[in-house]
Amino acid sequence: TDRAILSCKENSKMKLIKLVTIITLLSGSNAAAIDNSINENMSSSKQHSHAEVLAHLPHDLSNEVLVKIPSLRDKFLEWKMKHGKVYESLSEEVKRMLVWIKTDDFINEHNNQNPSPSYTMGHNPFSDLTHEEFKNRFRLG
């Protein structure tokens with residue numbers, strides 16, 4: 001299991017680097033410098049091209065969400081590992097991470113109310129599902 005955890009951590013680091021690359025590309029930075037940085041940090045894994053990674057992000061993604069990705073990516077990966085989440089593709093993982101970020105915003109908004117709420121919220125194994133997906137999965141109306 002130590003080997004599996006190490007592999008998952010390496011995979012998580014690779015995905016974090018890719019997302020930082022996406023944000024850097026969207027902000028207009030030098031692609032050659034990004035390529036060098038990725039090559040240095042991802043020597044043992046299959047690399048996705050910039051075009052492949054960018055293709056997985058929705059075109060209408062707001063800047064507000066884009067700036068949250070680097071700071072929340074590690075938290076998402078920890079949550080993913082804790083709950084044993086495995087996604088079929090990079091596209092699916094990016095989609096699930098974006099849903100998870102919206103859930104994180106909802107949790108923080110609730111927990112930071114003034115006056116303080118009578119209960120606090122937190123992440124659970126379903127934090128990467130939309131409300132509709134959750135209702136459909138459990139046949140809740």
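I'll start with charges: a search of the whole structure finds nine salt bridges. Keep in mind that this is a predicted model. I will go through three of these pairs, then the helix that two of my topics share, then the nonpolar core.

The first pair is E93 and K80, which form a salt bridge with their closest N and O atoms 2.9 Å apart. E93 sits in helix α5 and K80 in helix α4, so this pair ties together parts that are 13 residues apart in sequence. Are these two residues buried or exposed? E93 has a relative accessibility of 2%, so it counts as buried. K80 is at 7%, and therefore counts as buried too.

The second pair is K85 with D128, where the closest N and O atoms are 3.3 Å apart. This one links distant parts of the chain: K85 is in the loop between α4 and α5, D128 is in the loop between α5 and α6, and 43 residues separate them. K85, at 18% relative accessibility, counts as buried, because the cut-off for buried is under 20%. D128 is buried as well, with a relative accessible area of 3%.

The third pair is in helix α6. K135 forms a salt bridge with E132, and the closest N and O atoms are 3.1 Å apart. How far apart are K135 and E132 in helix α6? They are three residues apart, so about one helical turn separates them. E132 counts as partly exposed, at 45% relative accessibility. There is also a network: E64, K68 and D105 are joined by salt bridges that share partners. As a general remark, side chains of opposite charge can pair when their charged atoms come close.

Now the chain as a whole. The secondary structure comes to six helices and zero strands. Of its 141 residues, 32% count as buried. The exposed area is about 9,300 Å², and carbon and sulfur atoms supply 52% of that. If you take the contacts with a separation of 6 or more, 62% of them are between residues 24 or more positions apart.

Next, helix α4, which we met through K80. α4 has 20 residues and reaches 28 Å from its first C-alpha to its last, close to the 28 Å expected at 1.5 Å a residue. Where is the kink in α4 centred? It is centred on L72, and the angle is about 55°. L72 is one of the buried residues of α4, and the list also includes V65, L66, I69, F76 and W79. Charged side chains appear there as well, among them K68, R73 and K80. After the helix comes G84, whose phi is positive, near 65°.

That leaves the core. In soluble globular proteins, nonpolar side chains tend to be buried together. Here the largest nonpolar core has 16 residues, and those with the most contacts inside it are L57, L61, I69, F76, L98, W100 and I101. α4 and α5 each supply at least two residues of this core. Which helix gives the largest share of this core? That is α4, with seven residues. To take one member in detail, L61 touches L66, I69 and L98, leaving out residues up to four places away in sequence.

To close on α4: this helix supplies the largest share of the core, and its K80 pairs with E93 in α5.

Definitions and conventions. Residues numbered from 1 in each chain as written. Predicted model: local features only at pLDDT ≥ 70, side-chain atom pairs only at ≥ 80, totals over all residues. Heavy atoms only, no water. Core = buried A, V, L, I, M, F, W, Y, C linked by side-chain atoms within 4.5 Å. Buried < 20%, exposed > 50% of the residue type's maximum accessible area, 1.4 Å probe, protein only. Helix = DSSP H or I, 4+ residues; strand = E, 2+ residues; numbered from the N terminus. Contact = heavy atoms within 4.5 Å. Expected span 1.5 Å × (residues − 1). Bend = angle between axes of the 7 residues up to and from the residue. Areas by Shrake-Rupley, 256 points an atom, 1.4 Å probe, with all protein chains shown as cover. Salt bridge = Lys/Arg side-chain N within 4 Å of Asp/Glu carboxyl O.
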